[in-house]
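Reader: I would like to learn how to look at a structure like this one. Could you take me through it step by step?

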There are 2 protein chains.
Amino acid sequence: MAPPAAFEAQETLPQNNLLNSDTASHRSKVTVIGSGNWGSVAAKLIASNTLRLSTFHDEVRMWVYEETLQSGEKLTDVINQTNENVKYLPGIKLGKNVVADPDLENAVKDANMLVFVTPHQFMEGICIRLLGKIRSDAEAISLVKGMEVKMEGPCMISTLISQQLGINCSVLMGANIANEIAVEKFSEATVGYRQNREVAERWVQLFYTPYFIVTAVQDVEGVELCGTLKNVVAIAAGFVDGLEMGNNTKAAIMRLGLREMKAFSKLLFPSVKDSTFFESCGVADLITTCLGGRNRKVAEAYAKNGGKRSFDELEAEMLQGQKLQGVSTAREVYEVLSHRGWLELFPLFATVHEISSGLLPPSAIVEYSEKQVRSF
Amino acid sequence: MAPPAAFEAQETLPQNNLLNSDTASHRSKVTVIGSGNWGSVAAKLIASNTLRLSTFHDEVRMWVYEETLQSGEKLTDVINQTNENVKYLPGIKLGKNVVADPDLENAVKDANMLVFVTPHQFMEGICIRLLGKIRSDAEAISLVKGMEVKMEGPCMISTLISQQLGINCSVLMGANIANEIAVEKFSEATVGYRQNREVAERWVQLFYTPYFIVTAVQDVEGVELCGTLKNVVAIAAGFVDGLEMGNNTKAAIMRLGLREMKAFSKLLFPSVKDSTFFESCGVADLITTCLGGRNRKVAEAYAKNGGKRSFDELEAEMLQGQKLQGVSTAREVYEVLSHRGWLELFPLFATVHEISSGLLPPSAIVEYSEKQVRSF
């Protein structure tokens, strides 16, 4: 008599284990570099998949910038004992297979999949420390938002990683509020990859869960620029909110912003695809950022005060030391626009900087229609 | 001595008048068919331009479905005496050159530009009454939202007008909350035209003001379908709000909705352009409708009640007799999808109908990820 189905499944288990141990050396090994709010959520997503899928080693190593907690304990010790990042993502279990490691070199030495998710200002220093310390076959992905836009063009984090470490680098961006994903609310993200579709699929496998849908597009620059430029549009949206101009005007400003994001990205990188802006990294992240988010919030306060209190002052009061990316990105974008003679092509971007630097009143956000008609 | 500049300008005035009277017979004459909230705002926009531009007759005739007001006065008389549509747009001056006319045939007889802006259920009857009564060289534009989607495909209002009256018909759609445009808050709209760019430019001239930016795209079907399908997405967005799932999830659902709007329109009309969905009629109208709007609002209440109170019941309670377009459009779209075997291609549209008809609970709105991955 044939054994019941459940028994059959048990019978085959040892074989699977054998197979797994055979292929163990070929399994991908993942290290997450960064352990803030978003880094911890990324580790949680990844850890659920490395356990489930035989193509990955179970263990996910997470480099943690070591801190001593008020209790006197080390943050890494607490994470490893409790499976929780009690400082940056309290109340959420990361998975028992997440191992916090305070030693950056040790954390990356065996990994062939490196997930970068630190504040962008630390990236250059981290790359210098990693030089010569990583596997030559490693692949990287950057979740770092907020790259800088220098006068000669944007300083892409993916390019920084590729150039400094000599490895290929993809990006993952999207409408990703870390605390909402942590509690498994439905969300989406976009992987931007350069050439190798198989590499992209491996990243999708690593992050994808039923509540976190990941799509890959062959457009690193488009995806990465979306993550930065949306903050400029969020400042504009905040002005509209502060002026109480209604949903109609806000939607118009968000649309014009999306159009300038697309046009700016394509002028800088002709390979950027229109379709990228329909992905989560484009329209969805823009919507999230313009509905909530600190850029929108402080810009709203700025407009409510008629521009009489500076962004610096409002930031200090409202953000407990965090800085607004939108205002500095707007200034950086403005420099690129002036430098290249493109100011008239981007009336919304230009106006955001002119308002936030005090040259124009907040109401100017909707008074550039003549410019706009001239340019498009 | 040369006269001062102001005098020169006066001197040339009679010449201009002479020129104008020469070309008067070539000037376009506009009639607005409809005088509700949006129709009255449209008349106001148009009237400001016909006064300003010599290519149009000053007078804008507005057909008004005659009503007797509580005061005993006729609505048309009051509009013509006060320049206000006291019933549907109180407090807003339409312009002295707007002439309310209760006689449909008389209102259209001299016009070569017909602006249709009535509830969609009246359009068929109006077309029948207009047959043989309009100028053969007339051009039409439809501002009517909420066309029906029949099993054999959508019943486009622009097609209805073209077929019944034998004239060309463009459309104007966008993120257009009438009361906000009435008080001159910044907004945008999209004209969809079929072939003749000059005709499109005439419509743009007629509607464009510094606070109402109009852009023309050669895509009647794409523009018109946006105006209908967004209501289905707004129902989905309302479910997310009712379930308090946050901005992240809401943005993801709006993005998936936009993608299905695009895919559905392109399957029905291969001529529909991707770029149309970046216009005001696309992403901006979707945002406005999903932020405010009655479809979103009633769907939110439906989800808050766990689907235990029907849409009919909530509509009756919340909308004072108005009906939700999103729910009926979702049902109509569902019929097209089943009929053509496309249900799996449109998990969001299908799920909206399955929820609103009581087959699935509201939480199903984010539980179709497996379907979604299968289909895209």
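Author: Happily! By the ring rule, there are 15 aromatic pairs over all chains, where rings of Phe, Tyr and Trp (its six-membered ring) pair if their centres lie within 6.5 Å. This is a predicted model, in which local features need pLDDT of at least 70, side-chain atom pairs count only at pLDDT 80 or more, and totals for chains, interfaces and linings use all residues. Residues are numbered from 1 along each chain as its sequence is written, chains are lettered from A in the order in which they are written, and side-chain values use heavy atoms, with hydrogens and water left out.

Reader: Which residues do ring pairs link into a cluster?

Author: Look in chain A for a group joined by ring pairs. The members of this cluster are A:Phe239, A:Tyr302 and A:Phe311.

Reader: How many residues does each chain bring to the contact?

Author: Contact here means heavy atoms within 4.5 Å. Chain A and chain B both take part, with 42 residues from chain A and 42 residues from chain B.

Reader: What area is buried between chain A and chain B?

Author: The size of an interface is often given as the accessible area lost when the parts come together. Buried area is that loss (1.4 Å probe), summed over both parts. Carbon and sulfur atoms give 61% of the area here, and the total is about 3,700 Å².

Reader: Which residues of chain A lose the most area to chain B?

Author: Together they make up 23% of what that side buries. They are A:Phe186, A:Asn248 and A:Phe278.

Reader: Which residue has its charged end over the ring of A:Phe278?

Author: A charge sits over a ring if NZ of Lys or CZ of Arg is within 6 Å of the ring centre and within 35 degrees of the ring normal. A:Lys262 lies over the face of B:Phe278, at 4.4 Å from the ring centre. Over A:Phe278, 4.4 Å from its centre, sits the charged end of B:Lys262.

Reader: How many salt bridges are there between chain A and chain B?

Author: A salt bridge is a side-chain nitrogen of Lys or Arg within 4 Å of a carboxyl oxygen of Asp or Glu. One example joins B:Glu188 and A:Arg255 (2.7 Å, N to O). The whole structure has 44 over all chains, and between chain A and chain B the count is 4.

How values were computed: Buried area = accessible area lost by both parts, 1.4 Å probe. Phe/Tyr/Trp six-rings, centres within 6.5 Å; stacked < 30°, edge-to-face > 60°.
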